[in-house]
Amino acid sequence: MLYNKWTYEASYRWGQEKLIAAEVPDAALDARLLLEWCCGTDRNTLFVHGDREVSEEEFGNYQSAITRRQGRVPLQQITGVQEFMGLTFEVNENVLVPRQDTEILVEEVLRNLHDGMRILDLCTGSGCILLSLLHYSNDCTGIGTDISMEALQTARRNAENILRVSTERERPDVVFRHGDLFQSLSGEEKFDIIVSNQPYIKSDVIEMLMPEVKIYEPRMALDGGEDGLFFYRQIVTQAGRYLYSGGMLFMEIGYDQGKEVSCLMEAAGFTQVEIFQDYGGKDRVVQGVWSSHSFG
C-alpha cells in the first residue's frame with residue numbers, strides 16, 4: 001500500500017482490519033501494540049493524539065510488522081521482547097515466549113527462597129525464570145542449563161540487561177551452561193532449589209496447537225514425548241543428587257499432569273509434594289522436598 005499521509009488512528013484501523021481478516025487472535029490489541037512499537041508511542045496516543053501523522057518510515061515498518069503478524073509470527077518475536085514478572089526479556093525464535101502462567105512457578109519458588117540460596121534452572125531458555133528469581137532475591141546464585149546454544153546466548157543477553165551482568169565475563173552469581181538437563185554439572189555441585197519449565201506437551205498434540213506455537217516456537221522446548229512425561233522422569237530420578245537435604249524441586253506442569261507428576265516425585269523419594277493452580281484454577285506447578293536419606 002502506498003503511503004499517503006496516514007494518521008495514527010487510520011493506521012491502527014488499517015492494521016486491525018488486516019489482522020481480523022487473517023483471523024489473528026486479539027487482532028485489535030496486536031494492531032495497537034505493533035503500531036506503538038513502530039512509532040515509539042504508548043497506549044494513550046491512540047485516544048489522545050489519533051490525528052498525529054505517521055511518517056512514511058513508521059508506516060512502512062508498520063506494514064511489515066502487520067504482514068508478519070498476518071502470517072502468525074508471534075507478536076513477541078516481531079517486537080523482540082516480552083514482559084515477565086515486571087521485567088522486560090529479549091525473545092526470539094530460539095526460545096519459548098515467557099507466559100503469564102509461568103509466573104506462578106516463579107512466585108512459588110520466591111515463597112521458599114531465602115537470601116544466599118543456590119538455584120539450578122533446567123531448560124532455562126530465555127533465562128526468564130532464573131533471572132527473575134535472582135532479581136527479586138538477595139545474594140542468591142544460580143546456574144541455568146539448556147541444550148540449545150542459541151537459547152543460552154539469549155539468556156546471557158538477558159542477564160546483561162536484567163542483572164547488568166557482562167556477557168564477556170560471567171559473574172559467579174549467574175552462569176549459563178550448555179547441556180541436556182544435569183549433563184553440564186559435576187557430581188559435587190549442590191543446590192537449595194531446582195526449578196524447571198521443561199517440555200511437557202505430548203508429541204501428537206503439538207500439531208493441534210496454534211500456528212504461533214507449533215510453527216514459530218522451538219519444538220525441542222515443547223515436546224515432552226509420547227505421554228508428555230519424558231523430562232519429568234529424567235528430572236525427578238536425578239534431582240536428588242544435586243539437592244541439599246531439605247532442598248526443593250519445582251516444576252511447571254500441564255493442566256492434566258498434576259497427579260502423574262506428583263506420583264513420580266513421591267516414587268523418587270520427594271516428600272511434602274504439593275500442586276498449585278494458576279489464575280484460571282488449573283494445575284500449574286508441582287513442588288516437593290528432598291531428604292538425603294531418601295536417595296538410594
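**Exercise 1. Find how β6 and β7 pair, and where β7 goes from there.**

Start with the pairing: β6 and β7 run parallel and are joined by 5 bridges. Two strands count as a pair if DSSP finds at least two bridges between them. Strands here are DSSP runs (E, at least two residues) and helices are runs of H or I of at least four residues, both numbered from the N terminus.

A quick word on the model before going on: it is predicted, so local features need pLDDT of at least 70 and side-chain atom pairs count only at pLDDT 80 or more, while totals for chains, interfaces and linings use all residues. Residues are numbered from 1 along each chain as its sequence is written, and side-chain values use heavy atoms, with hydrogens and water left out.

Next, pick out a facing pair: I193 stands opposite M248 in β7.

Now turn to the other pairing. Strand β7 (residues 243-252) and strand β9 (residues 283-290) run antiparallel, joined by 5 bridges. Here L249 sits opposite G288 in β9, and E252 has V285 of β9 as its bridge partner.

Last step, burial: β7 is largely enclosed by the rest of the structure, because 7 of its 10 residues are buried. Buried means under 20% relative accessible area, exposed means over 50%, and partly exposed is in between (1.4 Å probe, protein chains only).

**Exercise 2. Lay out the whole sheet and say which helices pack on it.**

Write down the strand order: the open sheet of 7 strands reads β5-β4-β3-β6-β7-β9-β8, with mixed pairing. β5 (174-178) and β8 are the edge strands with a single partner each, so one side of each has no neighbour in the sheet. From one strand to the next, the twist averages 15 degrees.

Then add the helices. Helix α8 (residues 149-162) packs on the sheet, where it touches β4 (141-146) and β5, and its direction makes about 170 degrees with that of β5. Helix α10 (residues 230-238) packs on the sheet too, touching β3 (118-122), β6 (191-196), β7 and β8, at about 170 degrees to the direction of β7. Those angles run from 0 to 180 degrees between N-to-C directions, with axes as lines fitted to C-alpha atoms (for helices, over the stretch in contact). Contact means heavy atoms within 4.5 Å.

Finish by zooming in on F230, which is found in helix α10. F230 counts as partly exposed because its relative accessibility is 41%. Skip its neighbours within four places in sequence, and F230 is in contact with G224 and G225.

**Exercise 3. Work through the β1/β2 hairpin and the pocket beside β1.**

First, the pairing: β1 and β2 are antiparallel over 4 bridges, with V81 opposite E90 in β2.

Second, the side chains of β2 (residues 87-90) alternate: L87 and F89 point to one face and are buried, whereas T88 and E90 point to the other and are not.

Third, the turn: the hairpin has 2 residues between the strands, and M85 takes a positive phi near 55 degrees.

Fourth, the pocket. The second largest pocket is lined by L33, W37, L75, Q76, T79, V81, Q82 and E83. α2, α5 (75-79) and β1 (81-84) each supply at least two of those lining residues. By type, the lining has 4 nonpolar, 3 polar and 1 charged residues. Ala, Val, Leu, Ile, Met, Phe, Trp, Tyr, Cys and Pro count as nonpolar, Asp, Glu, Lys and Arg as charged, and the others, Gly among them, as polar. On a 1 Å grid over the protein atoms alone, a pocket is an open set of points with protein on both sides within 12 Å along at least five of seven lines, and lining residues have an atom within 4 Å of a point.

**Exercise 4. Track down two positive phi angles outside glycine.**

Background first: most residues other than glycine have a negative phi.

Take E23, which is not a glycine but has a positive phi of about 60 degrees. E23 is found in the loop between α1 (8-21) and α2 (27-39), and it counts as exposed because its relative accessibility is 65%.

Then take Q272, also not a glycine, with a positive phi of about 50 degrees. Q272 lies in strand β8 (residues 270-277) and counts as exposed because its relative accessibility is 59%.

Definitions and conventions. On a 1 Å grid over the protein atoms alone, a cavity is a set of points where a 1.4 Å probe fits but cannot get out, and a pocket is an open set with protein on both sides within 12 Å along at least five of seven lines; lining residues have an atom within 4 Å of a point.
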